[in-house]
Amino acid sequence: MSRADTADLVDELLAGEHRALARVITKIENRSPGYRDLVSRLHAHTGGAEVIGVTGSPGAGKSTLVDKLAKTYRDAGLTVGVIAVDPSSPYTGGAVLGDRIRMASNVGDMDVFFRSMSARGQLGGLSTATADAIKALDAFGKDRIIVETVGAGQNEIDVVRTADTVAVLVQPGSGDDVQMLKAGILEIGDVFVVNKADMEGASRTVAELEEMIHLREDGTNVDAGHHGPDVLDDVAPAETRDAGSEEAWTPRVVETVATSGEGVDDLVGAFDDHYDYLESTGALEEKARTRYAEEIRQLLRSDAASLLEEELDRRGGMDELVSSVLDRETDPYTVADDVIRPLADCVRDRRD
Amino acid sequence: MSAGQEQRNIRCLVAKVGLDGHDRGAHVIARAFRDAGFEVVYSGLHRAPDEIVQAAVQEDVDVLGISILSGAHNTLVPKIVDGLKEYGAFEDTLILVGGIIPDDDKETLKGMGVAEVFGPGTSMNETIEFVRNNVPER
(Lines give C-alpha, C1' and ligand atoms only; values in the text may rest on other atoms or scores of the structure.)
Protein backbone atom coordinates (compact mmCIF):
# COMPACT_ATOMS: atom_id res chain seq x y z
CA MET A 1 0.00 0.00 0.00
CA SER A 2 1.50 3.33 -1.02
CA ARG A 3 1.62 6.34 1.29
CA ALA A 4 -0.98 8.08 -0.86
CA ASP A 5 -3.37 5.13 -0.50
CA THR A 6 -2.84 5.18 3.23
CA ALA A 7 -3.60 8.88 3.38
CA ASP A 8 -6.76 8.40 1.30
CA LEU A 9 -7.97 5.55 3.46
CA VAL A 10 -7.38 7.57 6.63
CA ASP A 11 -9.21 10.57 5.14
CA GLU A 12 -12.17 8.39 4.16
CA LEU A 13 -12.29 6.86 7.62
CA LEU A 14 -12.22 10.26 9.27
CA ALA A 15 -14.97 11.39 6.88
CA GLY A 16 -17.16 8.65 8.29
CA GLU A 17 -17.09 6.06 5.50
CA HIS A 18 -17.95 2.65 6.87
CA ARG A 19 -16.19 0.80 4.10
CA ALA A 20 -12.93 2.61 4.88
CA LEU A 21 -13.23 1.81 8.58
CA ALA A 22 -13.85 -1.84 7.75
CA ARG A 23 -10.88 -1.91 5.39
CA VAL A 24 -8.59 -0.25 7.91
CA ILE A 25 -9.47 -2.89 10.50
CA THR A 26 -8.75 -5.63 7.95
CA LYS A 27 -5.34 -4.15 7.20
CA ILE A 28 -4.63 -3.93 10.93
CA GLU A 29 -5.74 -7.51 11.42
CA ASN A 30 -3.68 -8.84 8.54
CA ARG A 31 -0.62 -6.80 9.48
CA SER A 32 -0.71 -5.69 5.83
CA PRO A 33 2.21 -3.67 4.51
CA GLY A 34 1.67 -0.08 5.58
CA TYR A 35 -0.62 -0.83 8.52
CA ARG A 36 1.78 0.79 10.97
CA ASP A 37 1.70 4.03 9.04
CA LEU A 38 -2.09 3.75 9.08
CA VAL A 39 -2.30 3.33 12.84
CA SER A 40 0.23 6.16 13.36
CA ARG A 41 -1.93 8.54 11.38
CA LEU A 42 -5.04 7.57 13.34
CA HIS A 43 -3.48 8.16 16.73
CA ALA A 44 -3.95 11.94 16.74
CA HIS A 45 -7.70 11.43 16.30
CA THR A 46 -8.15 8.99 19.17
CA GLY A 47 -8.91 9.50 22.83
CA GLY A 48 -12.59 10.35 22.56
CA ALA A 49 -14.13 6.95 23.26
CA GLU A 50 -14.87 5.07 26.44
CA VAL A 51 -13.75 1.47 26.09
CA ILE A 52 -15.69 -1.23 27.91
CA GLY A 53 -14.46 -4.81 28.07
CA VAL A 54 -16.91 -7.66 28.52
CA THR A 55 -15.57 -11.05 29.50
CA GLY A 56 -16.88 -14.27 31.03
CA SER A 57 -17.22 -17.98 30.39
CA PRO A 58 -18.63 -19.37 27.11
CA GLY A 59 -22.41 -19.25 27.14
CA ALA A 60 -22.57 -16.71 29.98
CA GLY A 61 -24.48 -14.37 27.69
CA LYS A 62 -21.76 -11.92 26.65
CA SER A 63 -22.96 -11.41 23.08
CA THR A 64 -26.60 -10.99 24.05
CA LEU A 65 -25.62 -8.52 26.76
CA VAL A 66 -23.37 -6.59 24.37
CA ASP A 67 -26.31 -6.30 21.97
CA LYS A 68 -28.52 -4.84 24.71
CA LEU A 69 -25.74 -2.50 25.88
CA ALA A 70 -25.28 -1.20 22.35
CA LYS A 71 -29.01 -0.63 22.08
CA THR A 72 -29.11 1.25 25.39
CA TYR A 73 -26.25 3.53 24.31
CA ARG A 74 -27.91 4.13 20.94
CA ASP A 75 -31.16 5.09 22.67
CA ALA A 76 -29.15 7.63 24.63
CA GLY A 77 -27.95 9.11 21.32
CA LEU A 78 -24.41 7.69 21.45
CA THR A 79 -22.61 5.89 18.64
CA VAL A 80 -21.21 2.46 19.34
CA GLY A 81 -18.41 0.24 18.07
CA VAL A 82 -18.25 -3.42 18.98
CA ILE A 83 -15.34 -5.80 18.57
CA ALA A 84 -16.20 -9.40 19.31
CA VAL A 85 -13.37 -11.92 19.45
CA ASP A 86 -13.90 -15.65 18.94
CA PRO A 87 -11.33 -18.42 19.11
CA SER A 88 -9.45 -19.71 16.08
CA SER A 89 -8.74 -23.34 15.34
CA PRO A 90 -5.34 -24.47 16.59
CA TYR A 91 -5.23 -26.92 13.64
CA THR A 92 -6.27 -24.93 10.59
CA GLY A 93 -6.30 -21.31 11.80
CA GLY A 94 -9.91 -21.11 10.65
CA ALA A 95 -12.73 -19.80 12.82
CA VAL A 96 -16.49 -19.53 13.02
CA LEU A 97 -17.31 -16.06 14.32
CA GLY A 98 -20.80 -16.39 15.74
CA ASP A 99 -21.24 -13.36 17.99
CA ARG A 100 -22.96 -11.35 15.30
CA ILE A 101 -26.01 -13.62 15.45
CA ARG A 102 -26.95 -12.10 18.81
CA MET A 103 -26.95 -8.54 17.53
CA ALA A 104 -30.70 -8.57 16.96
CA SER A 105 -31.51 -5.23 18.59
CA ASN A 106 -29.33 -3.17 16.28
CA VAL A 107 -30.35 -4.52 12.91
CA GLY A 108 -29.89 -2.08 10.06
CA ASP A 109 -28.41 0.57 12.40
CA MET A 110 -25.11 1.50 10.78
CA ASP A 111 -24.20 3.63 13.81
CA VAL A 112 -23.49 0.39 15.57
CA PHE A 113 -20.32 -0.83 13.89
CA PHE A 114 -19.95 -4.48 14.76
CA ARG A 115 -16.79 -6.32 13.85
CA SER A 116 -16.02 -9.99 14.49
CA MET A 117 -12.38 -10.92 14.99
CA SER A 118 -10.62 -14.22 15.22
CA ALA A 119 -8.16 -14.56 18.10
CA ARG A 120 -5.68 -15.86 15.49
CA GLY A 121 -3.94 -18.12 17.95
CA GLN A 122 -3.60 -15.66 20.83
CA LEU A 123 -4.43 -17.12 24.23
CA GLY A 124 -5.25 -14.07 26.36
CA GLY A 125 -8.84 -13.64 25.16
CA LEU A 126 -8.12 -10.96 22.54
CA SER A 127 -6.17 -10.91 19.29
CA THR A 128 -2.93 -9.01 18.76
CA ALA A 129 -4.79 -6.56 16.53
CA THR A 130 -7.63 -5.77 18.93
CA ALA A 131 -5.98 -2.74 20.53
CA ASP A 132 -5.21 -1.18 17.15
CA ALA A 133 -8.73 -1.94 15.88
CA ILE A 134 -10.09 -0.04 18.91
CA LYS A 135 -8.01 2.94 17.79
CA ALA A 136 -9.65 2.79 14.36
CA LEU A 137 -13.14 2.85 15.91
CA ASP A 138 -12.08 5.62 18.28
CA ALA A 139 -10.70 7.75 15.44
CA PHE A 140 -13.89 7.10 13.45
CA GLY A 141 -15.67 8.91 16.29
CA LYS A 142 -17.47 6.16 18.18
CA ASP A 143 -18.54 7.33 21.66
CA ARG A 144 -18.52 3.89 23.24
CA ILE A 145 -16.47 0.89 22.20
CA ILE A 146 -17.40 -2.50 23.59
CA VAL A 147 -14.86 -5.29 23.38
CA GLU A 148 -16.17 -8.79 23.85
CA THR A 149 -13.49 -11.37 24.59
CA VAL A 150 -13.27 -15.00 23.67
CA GLY A 151 -15.36 -17.09 26.06
CA ALA A 152 -12.93 -16.99 28.94
CA GLY A 153 -11.78 -19.61 31.38
CA GLN A 154 -10.10 -18.56 34.59
CA ASN A 155 -7.13 -16.67 33.26
CA GLU A 156 -7.91 -14.81 30.01
CA ILE A 157 -7.21 -11.34 31.27
CA ASP A 158 -5.70 -9.36 28.38
CA VAL A 159 -8.84 -7.23 28.27
CA VAL A 160 -7.77 -5.43 31.43
CA ARG A 161 -4.90 -3.88 29.50
CA THR A 162 -7.19 -2.70 26.74
CA ALA A 163 -10.42 -1.47 28.33
CA ASP A 164 -11.15 1.43 30.67
CA THR A 165 -13.84 -0.53 32.45
CA VAL A 166 -13.97 -4.32 32.66
CA ALA A 167 -17.22 -6.23 33.17
CA VAL A 168 -16.91 -9.87 34.19
CA LEU A 169 -20.00 -11.99 33.55
CA VAL A 170 -20.70 -14.73 36.03
CA GLN A 171 -23.43 -17.33 35.63
CA PRO A 172 -25.63 -18.24 38.57
CA GLY A 173 -24.41 -21.39 40.25
CA SER A 174 -21.00 -21.30 38.59
CA GLY A 175 -19.20 -22.73 41.58
CA ASP A 176 -19.01 -22.48 45.33
CA ASP A 177 -17.31 -19.86 47.46
CA VAL A 178 -13.89 -21.44 46.98
CA GLN A 179 -14.06 -20.57 43.28
CA MET A 180 -14.37 -16.98 44.42
CA LEU A 181 -11.07 -17.20 46.24
CA LYS A 182 -9.22 -18.11 43.10
CA ALA A 183 -6.87 -15.79 41.34
CA GLY A 184 -7.30 -14.72 37.73
CA ILE A 185 -10.38 -13.44 36.00
CA LEU A 186 -12.27 -12.62 39.21
CA GLU A 187 -9.56 -10.14 40.14
CA ILE A 188 -9.97 -7.96 37.07
CA GLY A 189 -13.66 -7.00 37.23
CA ASP A 190 -14.59 -3.37 37.84
CA VAL A 191 -18.18 -4.51 37.57
CA PHE A 192 -19.44 -8.05 38.05
CA VAL A 193 -22.53 -9.01 36.12
CA VAL A 194 -24.63 -11.91 37.32
CA ASN A 195 -26.40 -12.57 34.04
CA LYS A 196 -29.38 -14.92 33.68
CA ALA A 197 -30.45 -13.49 37.05
CA ASP A 198 -33.86 -15.15 36.65
CA MET A 199 -32.20 -18.52 37.12
CA GLU A 200 -32.11 -20.38 40.38
CA GLY A 201 -29.07 -19.61 42.51
CA ALA A 202 -28.60 -16.05 41.21
CA SER A 203 -28.99 -14.37 44.59
CA ARG A 204 -26.50 -16.77 46.11
CA THR A 205 -23.97 -16.00 43.39
CA VAL A 206 -24.49 -12.27 44.03
CA ALA A 207 -23.90 -12.81 47.74
CA GLU A 208 -20.74 -14.82 47.06
CA LEU A 209 -19.35 -12.17 44.76
CA GLU A 210 -20.08 -9.45 47.29
CA GLU A 211 -18.38 -11.45 49.99
CA MET A 212 -15.38 -11.91 47.73
CA ILE A 213 -15.17 -8.18 47.08
CA HIS A 214 -15.41 -7.32 50.79
CA LEU A 215 -12.77 -9.87 51.70
CA ARG A 216 -10.47 -8.31 49.16
CA GLU A 217 -11.11 -4.82 50.45
CA ASP A 218 -10.06 -5.86 53.94
CA GLY A 219 -7.02 -7.63 52.64
CA THR A 220 -5.55 -5.04 50.32
CA ASN A 221 -3.09 -3.74 52.91
CA VAL A 222 -1.25 -7.02 53.00
CA ASP A 223 2.04 -6.69 51.20
CA ALA A 224 2.27 -9.44 48.61
CA GLY A 225 6.05 -9.36 48.85
CA HIS A 226 8.10 -10.13 45.78
CA HIS A 227 6.21 -11.06 42.66
CA GLY A 228 6.38 -14.26 40.70
CA PRO A 229 7.65 -14.26 37.15
CA ASP A 230 4.45 -13.56 35.23
CA VAL A 231 2.53 -11.06 37.30
CA LEU A 232 0.85 -8.10 35.70
CA ASP A 233 3.19 -5.47 37.02
CA ASP A 234 1.63 -2.92 34.75
CA VAL A 235 -1.96 -3.39 35.89
CA ALA A 236 -2.91 -3.59 39.53
CA PRO A 237 -6.05 -5.42 40.69
CA ALA A 238 -9.27 -3.44 40.28
CA GLU A 239 -9.51 -2.21 43.84
CA THR A 240 -5.87 -1.21 44.28
CA ARG A 241 -5.20 0.21 40.85
CA ASP A 242 -4.73 3.64 42.34
CA ALA A 243 -3.87 3.05 45.94
CA GLY A 244 -2.39 6.55 46.07
CA SER A 245 -5.74 8.28 45.70
CA GLU A 246 -7.94 8.80 48.74
CA GLU A 247 -10.84 6.68 47.56
CA ALA A 248 -10.51 3.31 45.85
CA TRP A 249 -13.10 1.81 43.54
CA THR A 250 -15.21 -0.92 45.07
CA PRO A 251 -16.28 -3.32 42.31
CA ARG A 252 -20.05 -3.41 41.84
CA VAL A 253 -22.27 -6.43 41.38
CA VAL A 254 -25.18 -6.00 38.97
CA GLU A 255 -27.89 -8.52 38.10
CA THR A 256 -29.10 -8.70 34.50
CA VAL A 257 -31.30 -10.80 32.27
CA ALA A 258 -29.71 -10.04 28.91
CA THR A 259 -32.41 -11.75 26.85
CA SER A 260 -35.09 -9.37 28.16
CA GLY A 261 -32.83 -6.38 28.79
CA GLU A 262 -33.63 -6.34 32.50
CA GLY A 263 -30.92 -4.67 34.60
CA VAL A 264 -29.04 -3.30 31.58
CA ASP A 265 -29.78 0.31 32.57
CA ASP A 266 -28.29 -0.39 36.01
CA LEU A 267 -25.26 -1.87 34.34
CA VAL A 268 -24.76 1.18 32.14
CA GLY A 269 -25.11 3.27 35.32
CA ALA A 270 -22.35 1.24 36.97
CA PHE A 271 -20.10 1.72 33.91
CA ASP A 272 -20.73 5.47 34.01
CA ASP A 273 -19.95 5.60 37.74
CA HIS A 274 -16.71 3.74 37.18
CA TYR A 275 -15.72 6.06 34.35
CA ASP A 276 -16.51 9.12 36.49
CA TYR A 277 -14.37 7.62 39.21
CA LEU A 278 -11.50 7.07 36.75
CA GLU A 279 -11.75 10.64 35.52
CA SER A 280 -12.07 12.30 38.90
CA THR A 281 -9.19 10.43 40.54
CA GLY A 282 -6.80 10.77 37.62
CA ALA A 283 -6.78 7.00 37.26
CA LEU A 284 -7.91 7.33 33.65
CA GLU A 285 -4.79 9.18 32.65
CA GLU A 286 -2.70 6.81 34.69
CA LYS A 287 -4.22 3.87 32.81
CA ALA A 288 -3.59 5.53 29.47
CA ARG A 289 0.02 6.19 30.45
CA THR A 290 0.60 2.54 31.41
CA ARG A 291 -1.13 1.38 28.24
CA TYR A 292 1.05 3.51 25.96
CA ALA A 293 4.20 2.57 27.85
CA GLU A 294 3.32 -1.08 27.41
CA GLU A 295 2.51 -0.54 23.75
CA ILE A 296 5.82 1.18 23.07
CA ARG A 297 7.69 -1.58 24.88
CA GLN A 298 5.86 -4.25 22.94
CA LEU A 299 6.57 -2.59 19.58
CA LEU A 300 10.22 -2.18 20.50
CA ARG A 301 10.48 -5.78 21.57
CA SER A 302 8.98 -7.06 18.36
CA ASP A 303 10.96 -4.68 16.14
CA ALA A 304 14.17 -5.57 17.91
CA ALA A 305 13.28 -9.23 17.53
CA SER A 306 12.81 -8.86 13.77
CA LEU A 307 16.11 -7.02 13.53
CA LEU A 308 17.80 -9.88 15.36
CA GLU A 309 16.09 -12.47 13.13
CA GLU A 310 17.56 -10.64 10.13
CA GLU A 311 20.96 -10.74 11.75
CA LEU A 312 20.58 -14.47 12.45
CA ASP A 313 19.68 -15.14 8.83
CA ARG A 314 22.71 -13.18 7.71
CA ARG A 315 24.89 -15.44 9.86
CA GLY A 316 23.56 -18.55 8.15
CA GLY A 317 20.45 -19.09 10.24
CA MET A 318 19.64 -20.50 13.64
CA ASP A 319 20.26 -24.14 12.62
CA GLU A 320 23.95 -23.61 12.08
CA LEU A 321 24.39 -21.80 15.38
CA VAL A 322 22.49 -24.53 17.19
CA SER A 323 24.70 -27.20 15.62
CA SER A 324 27.84 -25.54 16.90
CA VAL A 325 26.27 -25.33 20.36
CA LEU A 326 25.34 -29.03 20.17
CA ASP A 327 28.89 -29.91 19.16
CA ARG A 328 30.14 -28.03 22.20
CA GLU A 329 32.11 -25.64 20.00
CA THR A 330 30.36 -22.73 21.60
CA ASP A 331 27.50 -22.08 24.03
CA PRO A 332 24.19 -20.16 23.89
CA TYR A 333 25.49 -17.20 25.93
CA THR A 334 28.47 -16.68 23.64
CA VAL A 335 26.26 -16.93 20.56
CA ALA A 336 23.83 -14.36 21.97
CA ASP A 337 26.73 -12.03 22.85
CA ASP A 338 28.18 -12.37 19.35
CA VAL A 339 24.91 -11.61 17.64
CA ILE A 340 23.97 -8.64 19.77
CA ARG A 341 27.42 -7.02 20.11
CA PRO A 342 27.59 -5.31 16.70
CA LEU A 343 24.07 -3.96 17.21
CA ALA A 344 24.86 -2.71 20.69
CA ASP A 345 28.12 -1.13 19.48
CA CYS A 346 26.29 0.58 16.68
CA VAL A 347 23.65 2.01 19.04
CA ARG A 348 26.32 3.24 21.47
CA ASP A 349 28.33 4.87 18.67
CA ARG A 350 25.30 6.82 17.57
CA ARG A 351 24.67 8.28 21.02
CA ASP A 352 25.83 11.76 21.69
CA MET B 1 6.39 -13.69 15.14
CA SER B 2 7.60 -10.38 13.84
CA ALA B 3 5.32 -7.39 13.63
CA GLY B 4 6.12 -6.90 9.98
CA GLN B 5 4.84 -10.27 8.88
CA GLU B 6 1.58 -10.19 6.95
CA GLN B 7 -1.02 -12.75 7.96
CA ARG B 8 -3.91 -12.64 5.59
CA ASN B 9 -6.89 -14.90 6.19
CA ILE B 10 -9.83 -15.35 3.83
CA ARG B 11 -12.93 -13.93 5.53
CA CYS B 12 -16.38 -15.19 4.55
CA LEU B 13 -19.92 -14.28 5.49
CA VAL B 14 -22.31 -17.21 5.30
CA ALA B 15 -25.73 -15.61 5.05
CA LYS B 16 -29.25 -16.93 5.38
CA VAL B 17 -31.62 -14.45 3.88
CA GLY B 18 -35.40 -14.29 3.73
CA LEU B 19 -37.99 -16.55 5.20
CA ASP B 20 -36.52 -19.99 4.71
CA GLY B 21 -35.53 -21.68 7.93
CA HIS B 22 -33.32 -24.45 6.65
CA ASP B 23 -29.79 -23.80 7.84
CA ARG B 24 -28.22 -27.25 7.94
CA GLY B 25 -26.50 -26.54 4.62
CA ALA B 26 -25.24 -23.18 5.86
CA HIS B 27 -23.87 -24.84 9.00
CA VAL B 28 -22.09 -27.52 6.98
CA ILE B 29 -20.55 -24.88 4.71
CA ALA B 30 -19.51 -22.73 7.68
CA ARG B 31 -17.81 -25.71 9.27
CA ALA B 32 -16.11 -26.77 6.02
CA PHE B 33 -14.82 -23.21 5.46
CA ARG B 34 -13.53 -23.13 9.02
CA ASP B 35 -11.69 -26.40 8.46
CA ALA B 36 -10.24 -24.95 5.26
CA GLY B 37 -8.68 -22.22 7.43
CA PHE B 38 -11.13 -19.44 6.55
CA GLU B 39 -12.65 -17.05 9.07
CA VAL B 40 -16.39 -17.47 8.82
CA VAL B 41 -19.00 -15.05 10.09
CA TYR B 42 -22.40 -16.69 10.24
CA SER B 43 -25.40 -14.39 9.94
CA GLY B 44 -28.02 -16.52 11.63
CA LEU B 45 -31.47 -17.19 10.20
CA HIS B 46 -34.09 -14.95 8.59
CA ARG B 47 -31.93 -11.97 7.74
CA ALA B 48 -33.16 -9.10 5.61
CA PRO B 49 -31.02 -8.06 2.61
CA ASP B 50 -29.91 -4.82 4.29
CA GLU B 51 -28.71 -6.75 7.34
CA ILE B 52 -26.58 -8.90 5.06
CA VAL B 53 -25.21 -5.77 3.43
CA GLN B 54 -24.45 -4.22 6.83
CA ALA B 55 -22.66 -7.38 7.94
CA ALA B 56 -20.69 -7.76 4.68
CA VAL B 57 -19.54 -4.13 4.80
CA GLN B 58 -18.62 -4.02 8.49
CA GLU B 59 -16.93 -7.40 8.51
CA ASP B 60 -15.08 -6.53 5.27
CA VAL B 61 -15.47 -10.09 3.98
CA ASP B 62 -13.73 -11.38 0.88
CA VAL B 63 -16.52 -13.82 0.19
CA LEU B 64 -20.27 -13.52 0.64
CA GLY B 65 -22.04 -16.88 0.44
CA ILE B 66 -25.81 -16.54 0.30
CA SER B 67 -27.89 -19.60 1.03
CA ILE B 68 -31.44 -19.46 -0.29
CA LEU B 69 -33.74 -22.46 -0.43
CA SER B 70 -37.03 -20.58 -0.59
CA GLY B 71 -37.05 -19.68 -4.29
CA ALA B 72 -36.96 -15.96 -3.60
CA HIS B 73 -33.45 -15.52 -5.01
CA ASN B 74 -34.58 -13.26 -7.87
CA THR B 75 -35.95 -10.75 -5.35
CA LEU B 76 -33.38 -11.03 -2.58
CA VAL B 77 -30.07 -11.24 -4.43
CA PRO B 78 -30.52 -7.97 -6.42
CA LYS B 79 -31.29 -6.12 -3.19
CA ILE B 80 -28.05 -7.37 -1.65
CA VAL B 81 -26.05 -6.53 -4.78
CA ASP B 82 -27.50 -3.01 -4.86
CA GLY B 83 -26.72 -2.51 -1.17
CA LEU B 84 -23.12 -3.61 -1.63
CA LYS B 85 -22.75 -1.18 -4.54
CA GLU B 86 -24.11 1.64 -2.39
CA TYR B 87 -21.27 1.11 0.10
CA GLY B 88 -18.62 0.55 -2.55
CA ALA B 89 -18.27 -3.06 -1.46
CA PHE B 90 -19.50 -4.81 -4.62
CA GLU B 91 -16.34 -4.70 -6.71
CA ASP B 92 -14.09 -6.71 -4.43
CA THR B 93 -16.49 -9.12 -2.80
CA LEU B 94 -16.84 -12.59 -4.26
CA ILE B 95 -20.57 -13.37 -4.24
CA LEU B 96 -21.69 -17.00 -4.22
CA VAL B 97 -25.20 -18.37 -4.07
CA GLY B 98 -26.05 -21.79 -2.73
CA GLY B 99 -29.43 -23.46 -2.91
CA ILE B 100 -31.99 -24.71 -5.33
CA ILE B 101 -31.78 -22.38 -8.32
CA PRO B 102 -33.32 -23.22 -11.72
CA ASP B 103 -30.84 -23.12 -14.64
CA ASP B 104 -32.46 -20.08 -16.26
CA ASP B 105 -32.13 -18.11 -13.04
CA LYS B 106 -28.48 -19.07 -12.65
CA GLU B 107 -27.59 -17.04 -15.70
CA THR B 108 -29.68 -14.09 -14.51
CA LEU B 109 -27.92 -14.16 -11.14
CA LYS B 110 -24.50 -14.37 -12.77
CA GLY B 111 -25.47 -11.43 -14.95
CA MET B 112 -26.03 -9.41 -11.77
CA GLY B 113 -22.56 -10.14 -10.47
CA VAL B 114 -22.89 -13.47 -8.67
CA ALA B 115 -19.65 -15.34 -9.34
CA GLU B 116 -21.03 -18.86 -9.08
CA VAL B 117 -24.15 -20.77 -8.12
CA PHE B 118 -23.75 -24.03 -6.23
CA GLY B 119 -26.66 -26.47 -6.32
CA PRO B 120 -27.40 -29.64 -4.37
CA GLY B 121 -24.68 -32.25 -4.58
CA THR B 122 -21.80 -29.80 -4.98
CA SER B 123 -18.80 -31.17 -3.10
CA MET B 124 -17.25 -29.13 -0.33
CA ASN B 125 -13.85 -29.31 -1.96
CA GLU B 126 -15.22 -27.87 -5.17
CA THR B 127 -16.64 -24.87 -3.31
CA ILE B 128 -13.49 -24.34 -1.25
CA GLU B 129 -11.27 -24.57 -4.33
CA PHE B 130 -13.48 -22.09 -6.14
CA VAL B 131 -13.12 -19.64 -3.26
CA ARG B 132 -9.35 -20.07 -3.11
CA ASN B 133 -8.98 -19.54 -6.85
CA ASN B 134 -11.32 -16.59 -7.15
CA VAL B 135 -10.91 -14.62 -3.94
CA PRO B 136 -10.49 -10.98 -4.97
CA GLU B 137 -7.04 -9.41 -4.85
CA ARG B 138 -7.03 -6.44 -2.53
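How much area is buried between chain B and chain A, and what percentage of it do carbon and sulfur atoms give? The area buried between the two chains is about 3000 Å², and carbon and sulfur atoms give 47% of that area. The structure is a predicted model.

**Interface**

The contact involves 35 residues of chain B and 35 residues of chain A. Eight salt bridges are counted between chain B and chain A. One salt bridge pairs A:Arg120 with B:Glu39, and its closest N and O atoms are 2.6 Å apart. Across the interface, 21 residue pairs are in polar contact, with both residues of each pair at pLDDT 80 or more.

On the side of chain B that touches chain A, at least two residues each come from helix H1 (24-35), strand S2 (39-42) and helix H2 (49-59) of chain B. Of these elements, H2(B) supplies the largest share of that side, with seven residues. By residue class, the side of chain B that touches chain A divides as follows.

| Class, side of chain B touching chain A | Residues |
|---|---|
| Nonpolar | 11 residues |
| Polar | 12 residues |
| Charged | 12 residues |

Strand pairing also links the two chains: strand S3 (residues 95-97) of chain A is joined to S2(B) by three bridges, and the two strands run parallel. Within S2(B), B:Glu39 is the bridge partner of A:Ala95. B:Glu39 therefore has two recorded roles across the interface, as the salt-bridge partner of A:Arg120, given that a side-chain nitrogen of Arg within 4 Å of a carboxyl oxygen of Glu counts as a salt bridge, and as the bridge partner of A:Ala95.

**Inside chain A**

A:Ala84 belongs to strand S2 (residues 80-86) of chain A. Is A:Ala84 buried or exposed? A:Ala84 has a relative accessible area of 1%, so this residue is buried, the limit for that class being under 20%. Beyond its neighbours within four places in sequence, A:Ala84 is in contact with A:Asp99, A:Phe114, A:Arg115, A:Ser116, A:Met117 and A:Glu148. The C-alpha atoms of A:Ala84 and A:Ala44 are 25 Å apart in space, and the two residues are 40 residues apart in sequence.

Which residues of helix H3 (residues 35-43) of chain A are buried? They are A:Tyr35, A:Asp37, A:Leu38, A:Val39 and A:Leu42. An α-helix has 3.6 residues a turn, so residues three or four places apart point the same way. The cover over the buried residues of H3(A) includes helix H1 (3-14), helix H2 (18-30) and helix H5 (130-140) of chain A.

Conventions
Residues numbered from 1 in each chain as written. Chains lettered and ligands numbered in written order. Predicted model: local features only at pLDDT ≥ 70, side-chain atom pairs only at ≥ 80, totals over all residues. Heavy atoms only, no water. Contact = heavy atoms within 4.5 Å. Buried area = accessible area lost by both parts, 1.4 Å probe. Polar contact = N/O pair within 3.5 Å; in protein donor to acceptor, adjacent residues only side chain to side chain. Helix = DSSP H or I, 4+ residues; strand = E, 2+ residues; numbered from the N terminus. Nonpolar A, V, L, I, M, F, W, Y, C, P; charged D, E, K, R; others polar. Pairing = 2+ DSSP bridges. Buried < 20%, exposed > 50% of the residue type's maximum accessible area, 1.4 Å probe, protein only.
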